[in-house]
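Trainee: Could you take me through one part of this model up close? I'd like to start with how two of its strands pair, and then see what sits around them.

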Amino acid sequence: MDSEINIVKKKIRKNMIRIALVYPSTYEASLSSLAVHMIYYLVNTYPEIYMERFIYTDKDVKSIETGSPLRDFDYIIGSIHYELDYIYFINILFRGGIEIFREKRKGKPLIFVGGPAPMSNPAPLSDVVDAILVGEIEVLIPRLIEILLDYHRDPNRILERMDEDGFLVIKDKKITKRIWTKDLNQAFYPFRQIQSTNKEPVYGRGLIVESARGCPFWCRFCLEGRLFKPYRIRLFSNLKKIIDKGLRLNKLNRIIFYSLYFLGNPNEKKILEYIIDEGLKASIPSIRTDLLDDENLDLIWGIGQRMITTAPENISLYGERMLCKCHKISDLATILKKAIKRGFDLKLYFILGIKGESMNSVRENILFIKTLAKYARSFGRKISITINPLIPKPKTVFQWIGMIDLEKARRIIKIVRNELGGLVETRPYYVNWAWVQASIALGDWEVSRLLVEWGLMGGGLGNWRRIVKEHGYSTKYVFNGWEYGKTLPWDYIVIGEYVEDVLEKEYIVMRKLLSFTSS
Ligand code: SF4
C-alpha cells in the first residue's frame, strides 16, 4: 500500500458497506485496466461504501488497501476480461474462504461479475455468481449501488430488485438488455488512477485515456467491436481536460490511449497534435492498417512511438470474405511499407486457420509477410507477428461455424514457422489453448461445473483435458459450431444496436460461402 499513490483510504466504520473488487489477473495487469480504475473510484465516491481491490497472487488472499480477508466483505464484484481468467477468479474465491457454489452460499456474500467475457456468455460462471452485470460501468455501477444501499443485508430483495435491464440474475434467467453510456463526455472518468511506485503496468507507466468507445466496423470475428456498440467519441475539450487534469493528479507526463478504432475521428488527431505541442509522450493502441496514412504516421512519430501494432488478420480473398475486416487488400502492402520506410517497427496480428480456409490462402499470407519482412530488413526495421487460428466467440457468426480442427491448426503454425523462421519473430498462439478458450467462450450451462473443478485444481491444460473426459463433456461445438436455431446461454443477453439482427444475416452469407468452398 505504501508503494501506491492515489489509493483511497477510508476509516472502516461499523455500518460501512464493504465491497471487494476482484481482478483475476496480475497486479501489473490490474494497473493497466481502465475498468479497475473506473469501478474503484466510482464506487468509492459513495461515503457509506469502501471498495478495496484483490488481484491474483500465490500469496494470502488479502485486500491491497487494508490487508483484509475476502470473507470480511459484504459483496464481491469481479471484472473479467478474458475467459481463461475465470480459473483465477474461482481460485481467489476459494482461497479467500468463500463458498464457491451459489446455491450453497445463499447470498453470503453476493457475487456479481462484469466485463467482456461474462457479458458475452453468462454460462461459464453460472454455478458461482449471483448476477452478471450487462453493460457499461458509468451507468451500471450507480444502479447497482443504489440497490445495495436500499436493501443491504437482504440478498433476496437485492436480487429481486435487479429484475431490470443491465442485470442477469442467474437463478431467474430472464432475458436482459445491455445498458450503455450515451455520452462519454458527460460520464464519470477516473482522473485519478492508481500508480505504483515500484511495479510497471503491463502497458507501461502513463495516464490511461479512453479516447473513444466501440467501433463502427462489423468484423465478423470481433466480439469487442459488438459488445461496445455504438461507436462513441470524446470531444477534444473532454480529451484535453482528462489529459491536463489526469497528468497533474497522477504526476505523469505520458499518455496511454485506449480505443478500438484509434485515429478514426478528428478529435484524436487533434489531441495528438496537442500532445506534440506540449512536448508530452504518448502511446497508442493497435490501429487499423488502413488508417496508417502519411498524416497519421507523422503524428504517431511525433508522440514518440516507434512501433506500430496493427492487425491485417488475413490478406487472402477468402480471409477477407470470411472475416469482413473491410480492408482494401491490394493497398495493405503499400501502407505497411510506407510505415517501415518512415522508421517504424511493426507488430502484426494474423488469423490463419479459418474454417474452410485452404493451404493456398495460408501460403498467400506467408508470402505477404515474407516480402514485408525482407523489405523491413533492408531498412533495418523489425517485424514481429502473432498468429492464431480463429477462436470462435459468442455473439459472432462463428458461434454457428466453429473453428478448424487442431491438427490443421498445428500444421499451419508449423508451416509458418518453417517459412518465416529467422526472418520474423513469430509468436504463435498455443493451439491446445485455443481449444480450451473456445470451449469456455462458447460453453453451455454445464461448462460451469467443469470450470469450478478446474479452477480449484489451479488450471493447467492436462487438468482441463482430464476433467472434460471424466465428465464426458463434448466440446464438438468448438469445431462444428452450435446448431442454428438452438437457444444458447447468451441469448439471455441482448447486446442490441443491431448486433443480434446482423448476426442472423451474416449466418446466411457465411453458409453460402462455406458451401461454395466445400463444393
Ligand atoms: S476494426 Fe478492429 S475493433 Fe473494429 S470490429 Fe474490426 S477487429 Fe473489431
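Mentor: Let's start with strand 10 and strand 13 (residues 254-258): they run parallel, and 4 bridges join them. If you want one pair to click on, take Ile208, whose bridge partner in strand 13 is Ile256. Keep in mind that you're looking at a predicted model.

In general, strands of a sheet pair through backbone hydrogen bonds, either parallel or antiparallel. Here the pair belongs to an open sheet of 3 strands in the order 10-13-14, with parallel pairing. At its edges you find strand 10 (207-210) and strand 14 (281-283), each of them pairing on one side only. On average, neighbouring strands of this sheet are turned by 30 degrees against each other, if you ignore direction.

Now add the helices. Helix 9 (residues 236-250) lies across strand 10 and strand 13, and runs at about 165 degrees to strand 10. Helix 10 (residues 266-277) does the job of covering the other pair, in the plain sense that it lies across strand 13 and strand 14; its angle to strand 13 is about 170 degrees.

Go back to Ile208 for a moment, as it turns up again in the empty space. The structure holds 1 cavity of 30 Å³ or more. As a reminder, rolling a probe the size of a water molecule over the atoms shows where empty space is left. The volume of the largest cavity is about 70 Å³. Its lining takes in 13 residues, and those nearest the centre are Leu31, His37, Pro201, Gly206 and Ile208. So what classes of residue make up the lining of the largest cavity? There are 7 nonpolar and 6 polar residues, and no charged ones.

The second largest pocket has another make-up. It holds about 410 Å³ of space, and 19 residues line it, with Tyr27, Ile55, Thr57, Ile64 and Lys199 nearest its centre. Helix 1 (27-31) and strand 3 (49-55) are the elements that give two or more residues to that lining. By class, the lining of this pocket divides into 7 nonpolar, 5 polar and 7 charged residues.

Then there's the ligand. Around it you'll find Cys215, Phe217, Cys219, Phe221, Cys222, Leu260, Arg288 and Lys325. That shell splits into 6 nonpolar and 2 charged residues, with no polar ones.

Further along the chain you can look at another sheet. This one is open too, with 4 strands in the order 15-16-17-18 and parallel pairing. Strand 15 (307-313) and strand 18 (425-428) stand at the edges with a single partner strand each, so one side of each has no neighbour in the sheet. From one strand to the next, the twist averages 20 degrees. Strand 17 (residues 383-388) pairs with strand 18 in the parallel sense over 4 bridges, and one residue pair to pick out is Ile385 with its bridge partner Thr426 in strand 18. A helix goes with this sheet as well: helix 14 (residues 359-378) lies across strand 16 (345-351) and strand 17, at about 175 degrees to strand 16.

Last, a few backbone spots for your checks. Most residues other than glycine have a negative phi, and most peptide bonds are trans. Against that background, have a look at Lys108 and Pro109, which are joined by a cis peptide bond with omega of about -5 degrees. Pro109 has its place in the loop between helix 4 (102-105) and strand 5 (110-114). The peptide bond from Lys229 to Pro230 is cis as well, with omega near -5 degrees, and Pro230 lies in the loop between helix 8 (223-227) and strand 12 (232-233). Arg153 is not a glycine, yet has a positive phi of about 75 degrees. You'll find Arg153 in the loop between helix 6 (137-151) and helix 7 (155-161).

Methods
Residues are numbered from 1 along each chain as its sequence is written. This is a predicted model: local features need pLDDT of at least 70, side-chain atom pairs count only at pLDDT 80 or more; totals for chains, interfaces and linings use all residues. Side-chain values use heavy atoms; hydrogens and water are left out. Two strands pair if DSSP finds at least two bridges between them. Axes are lines fitted to C-alpha atoms, for helices over the stretch in contact, and angles run from 0 to 180 degrees between N-to-C directions. Contact means heavy atoms within 4.5 Å. A residue is near a molecule or strand if one of its heavy atoms lies within 4 Å of it. Ala, Val, Leu, Ile, Met, Phe, Trp, Tyr, Cys and Pro count as nonpolar, Asp, Glu, Lys and Arg as charged, and the others, Gly among them, as polar. On a 1 Å grid over the protein atoms alone, a cavity is a set of points where a 1.4 Å probe fits but cannot get out, and a pocket is an open set with protein on both sides within 12 Å along at least five of seven lines; lining residues have an atom within 4 Å of a point. Grid points are joined across faces, edges and corners, and a volume is the space filled by probe spheres set on the points.
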